[in-house]
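Q: Could you walk me through the words used for this structure, and show me how each one is earned?

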Amino acid sequence: MRKVVLKFRSNSLSWNPMEAYHFVVANEDYNAYTFDFRNLSAPLTLHRGHVSAVLDVDYSPTGKEFVTGGFDRTIRIFDQEQKFSKEVYHTKRMQLVKCVRWSKDNKYILSGSDETNIRVWKSRPAEKIGVVHPRMKHALNYGETLKERFEEYPQIKRIAKHRHVPYRIFRQQIELKTIMKSQSRKERNKAANAKRGHKVEIKKAIDKVVLREDE
């Protein structure tokens, strides 16, 4: 039995259904962390995107993605190995998201929020639900082929990564980036102006998460 103490409180945990050693943690510091049970000294991946506490997390049945719900009233979908979210869901009426679940057929995401509503979302926003006629199927496949062919173009990258978020979240993202840059600059200045013979180690954000590991 091992106990890992993180810097901030963890609100939820979900095990990867396909890789038994991996699990993801929803944390109060606005991030989610993927850990490997065999080495708990530091997370494998730090997942960013939320601008407030992450309250719940759940893996997809394939184990390649997971969904998070946060105090910032958004739902985000992450690839297991990617740092930033690839999809963001939000509505004007939805309050803080207390729980999220990924359906077993891998097609839907269910969320429960503070205004006592349950919502059902598509796990892939562009996917058509229902009968897809051959002509439409051909058009969708053609579009995906074009995306893959020109994915390295800067304009295509920008469009593919862009996700609309409410203005309040956009402002919070800017403030959060400013704070992180300020903290990083402070650490570099402290290391550069340290006394002779006194070395100040600059740690990455991912290495500051775990405070200690108890057996």
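A: Happily! Let's start with burial: a residue is buried under 20% relative accessible area, exposed over 50%, and partly exposed in between, using a 1.4 Å probe and protein chains only. This is a predicted model, where local features need pLDDT of at least 70 and side-chain atom pairs count only at pLDDT 80 or more, while totals for chains, interfaces and linings use all residues. Residues are numbered from 1 along each chain as its sequence is written, and side-chain values use heavy atoms, with hydrogens and water left out.

Q: Why is Glu 65 called buried?
A: Glu 65 has a relative accessible area of 5%. Buried means under 20%, so Glu 65 earns the word.

Q: What makes Arg 124 and Glu 65 a salt bridge?
A: A salt bridge is a side-chain nitrogen of Lys or Arg within 4 Å of a carboxyl oxygen of Asp or Glu. In this pair the closest N and O atoms are 3.3 Å apart, so the distance fits the definition. The pair links distant parts of the chain, with Arg 124 in the loop between β12 (118-122) and α1 (134-149) and Glu 65 in strand β7, 59 residues apart. For the strand and helix names, DSSP runs are numbered from the N terminus: helices are H or I with at least four residues, strands are E with at least two.

Q: Is Arg 124 buried, exposed or partly exposed?
A: Arg 124 has a relative accessible area of 32%. That value falls between the cut-offs, so Arg 124 is partly exposed.

Q: How do you know which words fit Asp 36 and Arg 38, the partners in another salt bridge?
A: Their closest N and O atoms are 2.9 Å apart. Asp 36 is at 10% relative accessibility, so Asp 36 counts as buried. Arg 38 is at 54%, so Arg 38 counts as exposed. The structure holds 11 salt bridges.

Q: Why can such side chains pair at all?
A: Side chains of opposite charge can pair when their charged atoms come close.

Q: What about Glu 152 and Lys 157?
A: They form a salt bridge too, with the closest N and O atoms 3.4 Å apart. Glu 152 is exposed at 56%, whereas Lys 157 is partly exposed at 36%. Elsewhere, salt bridges that share partners join Glu 65, Asp 79, Lys 86 and Arg 124 into one network.

Q: Why is strand β6 called largely enclosed?
A: Six of the six residues of β6 (residues 54-59) are buried, so the rest of the structure largely encloses this strand.

Q: How do you know that β6 pairs with β7?
A: Two strands pair if DSSP finds at least two bridges between them. Five bridges join β6 to β7 (residues 65-70), so the rule is met. The two strands run antiparallel, and Tyr 59 stands opposite Phe 66 in β7.

Q: What makes the link between Glu 87 and Arg 163 a polar contact?
A: A polar contact is a pair of N or O atoms within 3.5 Å; within protein, one must be able to donate a hydrogen and the other to accept it, and residues adjacent in sequence count only if both atoms are side-chain atoms. The two side chains make this contact at 3.0 Å. Glu 87 is found in strand β9 (residues 87-89), and Glu 87 is buried at 16%.
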